[in-house]
Amino acid sequence: MQLHDVWFVLIAVLWIGYFFLEGFDFGIGVLTRLLAKDRTERRVLINTIGPVWDGNEVWLLTAGGATFAAFPDWYATLFSGFYLPLLIILVCLIVRGVAFEYRVKRDGERWQRNWEQAIFWTSLIPAFLWGVAFANIVQGVDIDAEKNYVGGFWDLLNPYAVLGGLVTLALFTFHGAVFASLKTLGDIRDRARGLAVQLGLLTAVLALVFLVWTQAEGGNGWSLGAMVLAVLALVGSLAAIRTGREGWSFALSGVTVAAAVAMLFLVLFPDVMPSTLDPAYSLTVENAASSPYTLKLMTIVAAVFTPLVLLYQGWTYWVFRKRIGTQHIPAAH
């Protein structure tokens with residue numbers, strides 16, 4: 001295996017980590033309207049991710065930076081061709097971060113209600129658009145001989161991509177509901193568990209159609225294995241949440257996310273952005289990669305700093321591992 005293949009795998013791992021962690025973040029944001037009955041319960045949900053949401057986004061920054069350094073042509077074509085949806089995602093992430101921080105700066109009802117609405121929409125929109133973006137990457141887009149995307153924004157909203165967006169939205173919301181049941185106490189925990197079952201069934205239907213469609217169009221033996229794992233993990237997560245085993249359910253919903261994303265990268269390889277105009281125009285791990293020296297240097301840096309980041313983030317989750325409930329929210333807030 002050459003270094004450009006290694007970095008394709010590493011970038012896939014970074015995206016898996018991002019969707020696993022930020023997935024339940026987005027899900028919690030959506031659940032502030034679907035699950036919470038009042039402002040106190042919304043505060044409980046927001047507090048479950050309060051100590052970790054910004055650390056989860058580091059995975060996105062690292063994935064983008066690694067793509068820029070390891071595959072500059074992939075980065076250039078992706079970010080120029082998908083400029084509008086990626087800009088919308090970026091704006092949502094900025095507003096979402098501000099909403100988390102500014103919501104508690106004033107006690108006014110209107111002030112807090114507006115920021116809570118912002119948290120909901122800036123969680124829902126990226127959860128949908130990430131699925132649209134990755135579905136288009138896997139299916140292929142209009143790339144010409146100069147490695148430029150020559151399609152339009154509305155070309156990205158094709159049936160396959162829209163289904164991909166619905167799958168990520170449903171899956172992340174289910175992932176968030178399982179996380180909420182794992183991190184909360186009392187009535188909100190019980191309702192999160194019940195809602196997770198409903199969301200899991202919806203996710204299973206959407207995901208099965210999308211994954212089978214993906215496998216039928218460009219799958220291989222490895223991607224088939226990842227698809228089977230994703231389906232089995234989702235079924236196991238549903239069974240675990242129905243019996244009140246939130247820890248097992250969350251672990252298995254995480255496996256579902258990881259296996260589904262891994263399947264997309266397995267279908268994609270050795271391309272990084274297939275061209276629908278001519279296969280010869282496709283970007284691959286070879287023609288889009290940086291020089292061997294650059295990849296070697298990146299590998300050394302990653303080997304040193306990645307374990308440190310993982311240890312720190314793992315310590316953060318350990319410190320904030322306890323459940324919270326409405327009784328932990330100050331009445332005067």
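The lining of the largest pocket draws at least two residues from each of helix H4 (58-70), helix H5 (72-81), H6, helix H7 (109-139) and helix H11 (246-268). Among these contributors H6 gives the most, with seven residues. The model is a predicted one. The volume of the largest pocket is about 580 Å³. Its lining comprises 27 residues, of which Leu60, Gly64, Phe79, Leu86 and Trp130 are the closest to the centre.

The structure also holds one cavity of 30 Å³ or more. The largest cavity has a volume of about 30 Å³, and its lining consists of Pro85, Leu129, Val132, Phe153, Leu156 and Leu157.

**Helices H6 and H8**

Helix H6 spans residues 83-102 and includes Val95. Val95 belongs to a nonpolar surface patch that also contains Tyr83, Leu84, Leu87, Leu90, Val91, Ile94, Val98 and Tyr102. Together, the residues of this patch have about 770 Å² of accessible area. For Val95 itself the relative accessible area is 31%, so this residue is classed as partly exposed. As background to the spacing of positions along such an element, an α-helix has 3.6 residues a turn, so residues three or four places apart point the same way.

Helix H8 (residues 159-183) has a largely enclosed setting, because 21 of its 25 residues are buried. At 1.5 Å a residue, H8 should span 36 Å, and its end C-alpha atoms are indeed 36 Å apart, so the expected span and the model agree.

**Salt bridges**

There are 14 salt bridges in the structure. Three of them are listed below with their N to O distances.

| Acidic residue | Basic residue | N to O distance |
|---|---|---|
| Glu116 | Arg39 | 3.1 Å |
| Glu41 | Arg191 | 2.5 Å |
| Asp190 | Arg193 | 3.2 Å |

The side chains of Glu116 and Arg39 form the salt bridge in the opening row of the table. Because Glu116 lies in helix H7 and Arg39 in helix H2 (residues 39-49), this pair ties together parts that are 77 residues apart in sequence. Glu116 has a relative accessible area of 1% and is therefore buried, whereas Arg39, at 23% relative accessibility, counts as partly exposed.

Helix H2 also takes part in the salt bridge between the side chains of Glu41 and Arg191. Glu41 is located in helix H2 and Arg191 in helix H9 (residues 187-218), so the link joins parts that are 150 residues apart in sequence. Both of these residues, Glu41 and Arg191, are buried.

The side chains of Asp190 and Arg193 meet at 3.2 Å, N to O. Because these residues are three apart in helix H9, about one helical turn separates Asp190 from Arg193. Asp190 counts as partly exposed, at 44% relative accessibility, and Arg193 is likewise partly exposed, with a relative accessible area of 21%. For Arg193, the class follows because buried means under 20% relative accessible area.

Asp190 and Arg193 also belong to a network of salt bridges that links them with Arg189, Glu246 and Arg323.

Note on methods
Residues are numbered from 1 along each chain as its sequence is written. This is a predicted model: local features need pLDDT of at least 70, side-chain atom pairs count only at pLDDT 80 or more; totals for chains, interfaces and linings use all residues. Side-chain values use heavy atoms; hydrogens and water are left out. Patches are made of residues with over 30% relative accessible area and no salt bridge: like charges are joined within 9 Å, nonpolar side chains (Val, Leu, Ile, Met, Phe, Trp, Tyr) within 5 Å. Accessible areas come from the Shrake-Rupley method with a 1.4 Å probe; for residues, only the protein chains shown count as cover. A salt bridge is a side-chain nitrogen of Lys or Arg within 4 Å of a carboxyl oxygen of Asp or Glu. Helices (H or I, at least four residues) and strands (E, at least two) are DSSP runs, numbered from the N terminus. Buried means under 20% relative accessible area, exposed over 50%, partly exposed in between (1.4 Å probe, protein chains only). The expected span of a helix is 1.5 Å times one less than its number of residues. On a 1 Å grid over the protein atoms alone, a cavity is a set of points where a 1.4 Å probe fits but cannot get out, and a pocket is an open set with protein on both sides within 12 Å along at least five of seven lines; lining residues have an atom within 4 Å of a point. Grid points are joined across faces, edges and corners, and a volume is the space filled by probe spheres set on the points.
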